[in-house]
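Student: I would like to go through this model with you and ask, term by term, what justifies the words used to describe it.

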Amino acid sequence: MNEYQDLDPMNPWTRRNWLGSVAASALTGLTTSTLLAQENYPNRNINLIVPYPPGGNNDIVARAYATPLSKALGQAVVVDNKGGAAGAIGVGQAAKAAPDGYNMVIGDLGTLCINPIANPALTYSPLRDFAPISTIASVSIVITGRKDLPANNLRELLNLAKSNPGKFRCGTSGPGSIGHLSLEMIKSQAGVDLLHVPYKGGAPALNDLLGGHIDIMIDGAAFNSAKSGLIKALAVTGGRVAAMPDVPTVAESGVTGFYFTNFWGFLMPAKAPAVAIGRVGKEIQKIAASAELRTQLEAGGITVQSSTEQEFTDLMKKTSDQISRIVKSAGITFS
């Protein structure tokens with residue numbers, strides 16, 4: 001055998017080993033490049049999808065975080081409103097976005113917990129298609145009554161309802177809405193019969209409450225009217241609200257253990273780099289502790305918060321199970 005055979009570039013053994021070395025070097029270079037890019041994260045703008053039109057609470061909360069988050073990360077967090085189909089269009093697009101750490105979405109109770117139950121044909125799965133970063137805020141839903149309602153708080157209303165089954169009419173923004181789910185949970189846990197009156201949105205329900213055509217309402221659209229005293233604030237569905245500190249919770253009104261709120265959180269597409277999730281999550285923790293942000297959002301009844309990735313995941317699972325039970329027991333249909 002030629003002693004120089006192993007150096008012959010035409011020799012199959014030599015070529016295989018040479019190609020293997022080149023491939024290994026390229027892979028090492030790619031891995032090193034990827035790691036360096038992650039270490040320098042972020043080095044360009046981050047796109048934040050808000051799956052609702054501008055102006056609502058989802059948009060307000062997203063923008064309240066986007067500004068300080070841009071400053072903290074040194075790169076712009078660009079808000080991209082993609083409304084439609086109860087948030088399903090925007091969240092569906094976010095699920096298909098590149099998992100590179102430069103795409104985020106704000107999710108809420110509706111898009112993360114209600115939509116998967118309400119729509120069997122939903123194009124995304126919150127737990128499968130997303131990597132939760134942190135919760136960022138929550139809001140208790142205010143239960144309100146018309147100005148001349150013969151009850152000044154929820155406890156008094158429940159006592160009246162027990163003596164007058166089906167008499168008191170409760171407006172919500174529609175079947176399967178947060179208000180409707182809250183109503184059915186209260187009816188079940190308190191053992192009362194309240195008549196559900198569904199509307200196509202919170203605004204028309206509020207108009208009828210102000211006009212005395214319905215007795216009570218469970219929807220966030222009533223917050224400002226209740227705060228200004230145009231209608232009665234009877235209770236809030238979660239914890240006490242800083243903007244209305246004297247209004248009791250449902251749990252304090254005789255429905256022991258009751259707690260149900262809307263919440264918001266930031267997520268990235270599944271398989272997003274851990275360094276990106278960790279960095280954004282770390283900055284959210286700092287921003288959520290800001291007195292300025294708390295003052296800004298609490299004026300609108302919104303409570304600032306943050307969480308770990310696992311706590312956010314657990315919240316989605318727990319709330320989805322809670323909604324599934326009430327939908328089944330109350331026979332709620334989403335149409």
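Tutor: Let us begin with the helix H12, where Phe-312, Thr-313, Met-316, Thr-319, Ser-320, Gln-322, Ile-323, Ile-326 and Val-327 are buried. Please keep in mind throughout that this is a predicted model.

Student: Why are these residues of H12 called buried?

Tutor: The word applies to residues with under 20% relative accessible area, and Phe-312, Met-316 and Ile-323 are among the residues of H12 that are buried. What they pack against is also known: the buried residues of H12 pack against helix H4 (109-118), helix H5 (126-129), strand S4 (130-140), H7 and strand S10 (261-269). Across the whole protein, buried residues make up 47% of the 335 residues.

Student: How do you know that the length of H12 fits what is expected of a helix?

Tutor: The expected span is 1.5 Å times one less than the number of residues. H12 (residues 309-330) has 22 residues, for which 32 Å is expected, and the helix reaches 32 Å from its first C-alpha to its last, so the span is close to the expected value. After H12 comes Gly-331, whose phi is positive, near 65 degrees.

Student: What makes Tyr-124 and Phe-130 an aromatic pair, and why is the pair called edge-to-face?

Tutor: Rings count as a pair if their centres lie within 6.5 Å, and planes over 60 degrees apart count as edge-to-face. For Tyr-124 and Phe-130 the centres are 6.4 Å apart and the planes make 80 degrees, so both conditions are met and the pair is edge-to-face. A search of the whole structure finds four aromatic pairs, and both Tyr-124 and Phe-130 are buried.

Student: How do you know that strand S5 and strand S8 pair?

Tutor: Pairing requires at least two bridges between the strands. S5 (residues 142-145) and S8 (residues 216-218) are joined over three bridges in the antiparallel sense, so they qualify as paired. Within this pairing, Ile-143 stands opposite Ile-218 in S8. Both strands belong to an open sheet of five strands with the order S7-S6-S8-S5-S9 and mixed pairing.

Student: Why are S7 and S9 called the edge strands of that sheet?

Tutor: Strand S7 (195-198) and strand S9 (232-236) each pair on one side only. Helix H7 (residues 178-190) packs on this sheet, touching S5, strand S6 (169-172), S7 and S8, and its direction makes about 115 degrees with that of S8.

Student: What makes S1 and S2 a pair in the other sheet?

Tutor: The threshold is again at least two bridges, and five bridges join strand S1 (residues 46-50) to S2, which run parallel, so the two strands pair. Leu-48 stands opposite Val-79 in S2. The open sheet to which they belong has six strands in the order S2-S1-S3-S10-S4-S11, with mixed pairing, and its edge strands are S2 (77-81) and S11 (302-304). H4 packs on this sheet, touching strand S3 (103-108) and S10, with a direction at about 65 degrees to that of S3.

Student: How do you know where the prediction deserves caution?

Tutor: The mean pLDDT of the protein is 91, and 88% of its residues reach 70 or more. Over residues 22-26, however, the pLDDT is below 50, and beyond near neighbours in sequence this stretch has zero contacts in the model. The stretch of residues 28-36 likewise has a pLDDT below 50 and zero contacts beyond near neighbours in sequence.

Methods
Residues are numbered from 1 along each chain as its sequence is written. This is a predicted model: local features need pLDDT of at least 70, side-chain atom pairs count only at pLDDT 80 or more; totals for chains, interfaces and linings use all residues. Side-chain values use heavy atoms; hydrogens and water are left out. pLDDT is the predictor's confidence in each residue, from 0 to 100. Contact means heavy atoms within 4.5 Å. Helices (H or I, at least four residues) and strands (E, at least two) are DSSP runs, numbered from the N terminus. Axes are lines fitted to C-alpha atoms, for helices over the stretch in contact, and angles run from 0 to 180 degrees between N-to-C directions. Buried means under 20% relative accessible area, exposed over 50%, partly exposed in between (1.4 Å probe, protein chains only). Rings of Phe, Tyr and Trp (its six-membered ring) pair if their centres lie within 6.5 Å; planes under 30 degrees apart count as stacked, over 60 as edge-to-face and the rest as tilted.
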